[in-house]
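Subject: Structure handover

Hello,

Here is the structure I said I would pass on. My notes on it follow below the entry.

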Amino acid sequence: MSEIKHPFIVEEQPGDKWWCACGKSEKQPYCDGAHERLKTGKSPIKVTLAQAKKVAWCGCKKSKNPPYCDGTHSKL
Ligand code: FES
């Protein structure tokens, strides 16, 4: 899953979201616990949305503004 080179644009509903930071989750862009199973040494980032919102989640895991896409994927 670490070869993803695009963001995930999602119309999110309010609530807690856990963004996968390690790139190993099978449920991108969200954490599925893979970081613990595979001992990646990385932890997901939690985002709490107060209201529905469109989010551009980083898929490449190289963003300098995680968990959001900052365009870095276009230079990979
Ligand atoms: S997907 Fe755009 S910076 Fe990672």
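Cys58 touches Pro7, Ser63, Pro66, Pro67, Tyr68 and Cys69, leaving out residues up to four places away in sequence. Please keep in mind that this is a predicted model, so all of what follows is computed from predicted coordinates.

Cys58 also belongs to the largest nonpolar core, which has seven residues. The other members are Trp19, Cys20, Ala21, Cys31, Trp57 and Cys69. Cys69 therefore appears twice here: as a core member and among the residues that Cys58 touches.

Trp57, another residue of that core, lies in strand E4, which covers residues 53–57. Is Trp57 buried or exposed? It counts as buried, because it has 22 C-beta neighbours inside 10 Å, and the cut-off for buried is 20 or more. Not counting residues up to four places away in sequence, Trp57 touches Pro7, Phe8, Val10, Trp19, Pro29, Pro67, Tyr68 and Cys69. Of these, Trp19 and Cys69 are listed in the core as well. Pro7 is 50 residues from Trp57 in sequence, yet their C-alpha atoms are 5.4 Å apart in space. Pro7 is also on the contact list of Cys58.

Ile4 sits in the segment before strand E1 (8–12). Ile4 is partly exposed, because 16 other C-beta atoms lie within 10 Å, which falls between the limits for exposed (12 or fewer) and buried (20 or more). Leaving aside neighbours within four places in sequence, Ile4 is in contact with Gln28, Gly59 and Cys60. As for the other end of the numbering, Ile4 and His73 are 69 residues apart along the chain, and their C-alpha atoms are separated by 8.6 Å.

Now the chain as a whole. How many helices and strands does the chain have? There are one helix and four strands, and from the N terminus on they run β-β-α-β-β. The radius of gyration is 12 Å, close to the 11 Å that the globule rule gives for 76 residues, so the chain is as compact as a globular protein of that length. Along its principal axes, the C-alpha trace spans about 35 × 30 × 20 Å.

Of the 76 residues, 21% count as buried. Among contacts with a separation of 6 or more, 48% are between residues 24 or more positions apart. The pair of Trp57 and Pro7, 50 residues apart in sequence, is one that touches.

Regards

Technical notes: Residues numbered from 1 in each chain as written. Predicted model: local features only at pLDDT ≥ 70, side-chain atom pairs only at ≥ 80, totals over all residues. Core = buried A, V, L, I, M, F, W, Y, C linked by C-beta atoms within 7 Å. Contact = placed C-beta atoms within 7 Å. Helix = DSSP H or I, 4+ residues; strand = E, 2+ residues; numbered from the N terminus. Rg over C-alpha atoms; globule rule 2.2 N^0.38 Å.
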